[in-house]
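Grab a pencil and get ready to work through a few exercises on a protein structure. Try each task yourself before you read its solution.

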Amino acid sequence: MELVVLSGKGGTGKTTIATALSELAKDVIRIDCDVDAPNLYLFYKGRDIEKRDFIGGKKAFINKFICSKCRKCETVCKFHAIDNLTINAFVCEGCGTCALICPEKAIKLKDEKTADTFVTKLDKGIISRAEMEIGSDGSGKLITYLRKNAKRFSDKDKLTIIDGSPGIGCSVISSITGSDAVLAVTEPTKSGLEDLKRVVDLCEHFGIFTMVCINKYDINEDMSTEIEKFIKEKELVLVGKIPYDDIVMKSINELKPIIYYPDSKAYHAIRNMWSNIEMAIN
């Protein structure tokens, strides 16, 4: 069973909720698919039991000892990555057109490491995660690898919680493809509703069962009511409404999941939400 926690944009409380649900669910597999800004592992004391290079693509290189300086490569590069017979690695997309056109075969494509991937063992369960190289982009290929990596430590009866990337891009599509359910976290603002609509459209396209949580619902209750109306129109499941709570910021600063703060209003709301999620997915 795979549950993906998503949000239309960053800063809605997605990781706070993902960590809390992971603790409430006890022994789970955790995957941090927010590879551009991974922070799920910060909330846990674990030990890296596996580290591997991830080859995310290729880059072109020119052998200047063979190059005849015909400059055909410069004329065919649609990304303008070649200037004065020098390839800008930050601009090159590794498409290989320059290598095909080169009459001297002086251009080769070489594998490019874009991330380190880790399996981190916790007291209960593991986290599958990645750390990107400077200047690299998070890719669907990397997300797919992280999910496959985690499955080696799981079985079909164990719950997997995925902390997805914000937005609706390639990495989000790779996070939800083949998953069982999505929890979309939104906030009571105009942009929050529009972002939620895009996430819901994406999940509908892939036929993923979708639940919704309104975080900090009480900072704008009129907007929360409007979001609830949208949820009802789309026949989605509203599993939780979490109030604004200063203790959440304290838990983030102290890098402890919110469930370890029994006086927190947000914790009690998330605990009730977890009960609703269990009923919805079982």
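Here come six exercises on this predicted model, each with a worked solution.

**Exercise 1: the whole chain**

Task: Find out how many helices and strands the chain has, and what share of its residues is buried.

Solution: Start with the secondary structure, which comes to nine helices and eleven strands. Next, look at burial: of the 282 residues in the chain, 49% are buried. For the overall dimensions, the C-alpha atoms fill a box of roughly 70 × 40 × 35 Å along the principal axes. Finally, check how far along the sequence contacts reach. Taking contacts between residues at least 6 apart in sequence, 76% of them join residues at least 24 apart.

**Exercise 2: two helices side by side**

Task: Decide whether helices H6 and H7 are roughly parallel or roughly antiparallel, and list the residues that meet.

Solution: Two packed helices are described by the angle between their axes and the distance between the axes. So grab those two values: H6 (residues 190-206) and H7 (residues 221-233) pack at about 15°, and their axes are 10 Å apart. Because angles under 35 degrees count as roughly parallel, H6 is roughly parallel to H7. The crossing of H6 past H7 is right-handed.

Now for the residues. From H6 you get Lys 190, Leu 193, Leu 196, Lys 197 and Val 200, and they meet Met 223, Glu 226, Ile 227 and Phe 230 from H7. Sort the residues of this contact by class and you find six nonpolar, no polar and three charged.

**Exercise 3: another helix pair**

Task: Work out at what angle H1 and H9 pack and which residues make the contact.

Solution: First, the geometry: H1 and H9 (residues 265-281) pack at an angle of about 65°, with 10 Å between their axes. This crossing is right-handed. Second, the residues: H1 brings Ile 17, Ala 20, Leu 21 and Leu 24, while H9 brings Tyr 267, Ile 270, Arg 271, Met 273, Trp 274 and Ile 277. Third, the classes: the contact of H1 with H9 has nine nonpolar residues, no polar ones and one charged.

Stay with H1 (residues 14-24) for a moment, as Glu 23 is found there too. Is Glu 23 buried or exposed? Its relative accessible area is 14%, and buried means under 20%, so Glu 23 is buried. Its side chain makes a polar contact of 3.3 Å with the side chain of Tyr 44. Leaving aside neighbours within four places in sequence, Glu 23 is in contact with Arg 30, Tyr 44, Pro 257, Ile 259 and Tyr 260.

**Exercise 4: a serine in a strand**

Task: Describe the surroundings of Ser 7, starting from whether it is buried or exposed.

Solution: Place the residue first: Ser 7 lies in strand E1 (residues 2-7). With a relative accessible area of 1%, Ser 7 is buried. Then follow its side chain, which reaches the backbone oxygen of Lys 9 at 2.7 Å. The side chains of Ser 7 and Thr 12 are also joined by a polar contact of 3.5 Å. Not counting residues up to four places away in sequence, Ser 7 touches Thr 12, Lys 14, Ser 165, Pro 166, Gly 167, Val 185 and Val 199.

**Exercise 5: two lysines**

Task: Say where Lys 64 and Lys 72 sit, and what Lys 64 and Lys 72 touch.

Solution: Lys 64 is in the loop between strand E3 (47-62) and helix H2 (72-76), whereas Lys 72 lies in H2. Beyond four places in sequence, Lys 64 touches Leu 85 and Thr 86. The side chains of Lys 64 and Thr 86 make a polar contact of 3.4 Å. With the same cut-off in sequence, Lys 72 touches Ile 101 and Pro 103. Lys 72 has 42% relative accessibility, so it counts as partly exposed.

**Exercise 6: unusual backbone angles**

Task: Find where His 80 and Asn 84 sit, and look up phi for His 80 and Asn 84.

Solution: Most residues other than glycine have a negative phi. His 80 has a positive phi of about 55°, and it is found in the loop between H2 and strand E4 (82-83). At 68% relative accessibility, His 80 counts as exposed. Asn 84 has a positive phi too, near 55°, and is in the loop between E4 and strand E5 (86-87).

Terms used: Residues numbered from 1 in each chain as written. Predicted model: local features only at pLDDT ≥ 70, side-chain atom pairs only at ≥ 80, totals over all residues. Heavy atoms only, no water. Axes fitted to C-alpha atoms, helices over the stretch in contact; angles between N-to-C directions. Helix = DSSP H or I, 4+ residues; strand = E, 2+ residues; numbered from the N terminus. Parallel < 35°, antiparallel > 145°, perpendicular 65-115°, else oblique. Left-handed = near helix turned anticlockwise from the far one by under 90°. Contact = heavy atoms within 4.5 Å. Nonpolar A, V, L, I, M, F, W, Y, C, P; charged D, E, K, R; others polar. Buried < 20%, exposed > 50% of the residue type's maximum accessible area, 1.4 Å probe, protein only. Polar contact = N/O pair within 3.5 Å; in protein donor to acceptor, adjacent residues only side chain to side chain.
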